[in-house]
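Reader: I have a structure open and would like to learn how to read it. Could we go through it feature by feature?

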Amino acid sequence: MGASAGKQQGRLAGKTALVTGGSRGIGRGIAERLGRDGALVAVHYGSNEEAAKETVAAIEAAGGAAFAIGAELGAAGDAQALWSAFDAHADGVDILVNNAGVSTASSFADTDEAEYDRLFAVNMKAPYFITQLGAERLRDGGRIINISSGLSQAAVMPEILTYAMTKGALDVFTRNLSKVLGPRGITVNAVAPGIVDTDINAAWLRGEENKDAWASSAAMSALGRVGDPSDIADVVAFLASDDGRWVTGQWIDATGGSLA
């Protein structure tokens with residue numbers, strides 16, 4: 001299995017996981033949960049190495065094992081750089097979580113070609129080629145979990161049109177890839193969060209200039225609250241485990257009922 005898994009035993013003991021964008025927010029929640037379940041976790045970061053090291057330290061403090069790898073997604077050769085960094089630590093992967101992504105609030109009229117290309121490069125092109133290059137490293141019976149968004153199937157929100165389009169493309173990729181890799185026993189699913197309390201969302205979710213944002217966001221959920229990274233991480237952990245072995249090609253609504 002390559003580098004040794006953590007000292008902690010769990011349902012993912014002996015497995016190796018790679019979480020892109022695993023240093024902050026939802027990605028960090030996923031990385032820490034997989035680590036608690038016993039997986040050796042590769043925590044990918046784009047630019048914030050310190051945050052990735054903090055995530056690795058948190059996993060290790062909980063009795064797990066992890067390492068950080070850096071690669072700027074959206075740049076030429078990003079997938080090759082990511083896997084080269086991974087290969088220095090492990091010789092195969094069981095769980096691939098394509099979590100890294102970027103978003104922007106830009107209308108149809110205001111989105112220029114550079115911003116359009118940046119969103120698709122990070123949110124769709126990178127997962128596509130990371131997965132393509134990772135397929136030879138992914139062990140039979142493995143798991144691929146793509147982090148989509150409730151916005152890909154939500155009511156029309158033209159201010160985030162391009163971002164939603166990238167996630168819609170990721171959903172199509174997920175469904176088709178499940179057929180491609182199914183013969184190897186590899187499951188492929190998409191998990192779609194709603195509004196989640198992360199540091200990236202803090203500016204508008206908790207900002208003084210938008211005091212009603214938290215309450216209005218909580219009201220969107222059937223459960224009456226804003227999501228937490230652990231809410232998403234727990235769904236990912238289920239799909240990554242043997243319990244999720246019969247679920248593939250699915251778009252999992254993890255919005256807390258916001259689309260109900």
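Author: What follows takes salt bridges, helix packing, a surface patch and some distances in turn. Keep in mind that this is a predicted model.

Reader: Let us begin with salt bridges. How many salt bridges does the structure hold?

Author: A salt bridge pairs a side-chain nitrogen of Lys or Arg with a carboxyl oxygen of Asp or Glu, within 4 Å. The structure holds 14 of them. One is between R11 and D37, with N and O 3.5 Å apart. This pair links distant parts of the chain, 26 residues apart: R11 is in the segment before β1, and D37 is in the loop between α1 and β2.

Reader: Is D37 buried or exposed?

Author: The cut-off for buried is under 20% relative accessible area. D37 has 10%, so D37 is buried. Its partner R11 has 39% relative accessibility and therefore counts as partly exposed.

Reader: Which residue besides D37 should I look at around R11?

Author: Look at D243, which forms a salt bridge with R11; their closest N and O atoms are 3.1 Å apart. R11 lies in the segment before β1 and D243 in the loop between α8 and β7, so this pair ties together parts that are 232 residues apart in sequence. D243 is partly exposed, at a relative accessible area of 48%.

Reader: Which residues are linked with R11 in a network of salt bridges?

Author: The network links R11, R33, D37, D234 and D243.

Reader: Where else could I practise on a salt bridge?

Author: Try D91 and R139, whose side chains meet at 3.2 Å, N to O. D91 is in the loop between α3 and β4 while R139 is in strand β5, so the bridge ties together parts 48 residues apart in sequence. At 58% relative accessibility, D91 counts as exposed.

Reader: Now helices. What describes two packed helices?

Author: Two numbers do: the angle between their axes and the distance between the axes. Here, α4 (residues 113-134) packs with α5 (residues 161-181) at an angle of about 15 degrees, and the axes are 9 Å apart.

Reader: Why are α4 and α5 called roughly parallel?

Author: Angles under 35 degrees count as roughly parallel. The angle of about 15 degrees is therefore in that class, and α4 and α5 are roughly parallel to each other. The crossing of α4 past α5 is right-handed.

Reader: Which residues form a nonpolar patch on the surface?

Author: F108, Y116, L161 and M165 form the patch, and together they have about 400 Å² of accessible area. Among them, Y116 lies in helix α4. Y116 counts as partly exposed because its relative accessibility is 35%.

Reader: I also need practice with distances. How should I read a separation in sequence beside one in space?

Author: Treat them as two separate numbers. A51 and A68 are 17 residues apart in sequence, and their C-alpha atoms are 9.6 Å apart in space. For T162 and L133, the numbers are 29 residues along the chain and 26 Å between C-alpha atoms.

Reader: Where does A51 lie, and where is the place of T162?

Author: A51 is in helix α2 (residues 49-61), and T162 is in helix α5. A51 counts as buried because its relative accessibility is 8%. T162, with a relative accessible area of 7%, is buried as well.

Definitions and conventions
Residues numbered from 1 in each chain as written. Predicted model: local features only at pLDDT ≥ 70, side-chain atom pairs only at ≥ 80, totals over all residues. Heavy atoms only, no water. Patch = residues over 30% accessible without salt bridge, like charges linked within 9 Å, V, L, I, M, F, W, Y side chains within 5 Å. Areas by Shrake-Rupley, 256 points an atom, 1.4 Å probe, with all protein chains shown as cover. Helix = DSSP H or I, 4+ residues; strand = E, 2+ residues; numbered from the N terminus. Buried < 20%, exposed > 50% of the residue type's maximum accessible area, 1.4 Å probe, protein only. Axes fitted to C-alpha atoms, helices over the stretch in contact; angles between N-to-C directions. Parallel < 35°, antiparallel > 145°, perpendicular 65-115°, else oblique. Left-handed = near helix turned anticlockwise from the far one by under 90°.
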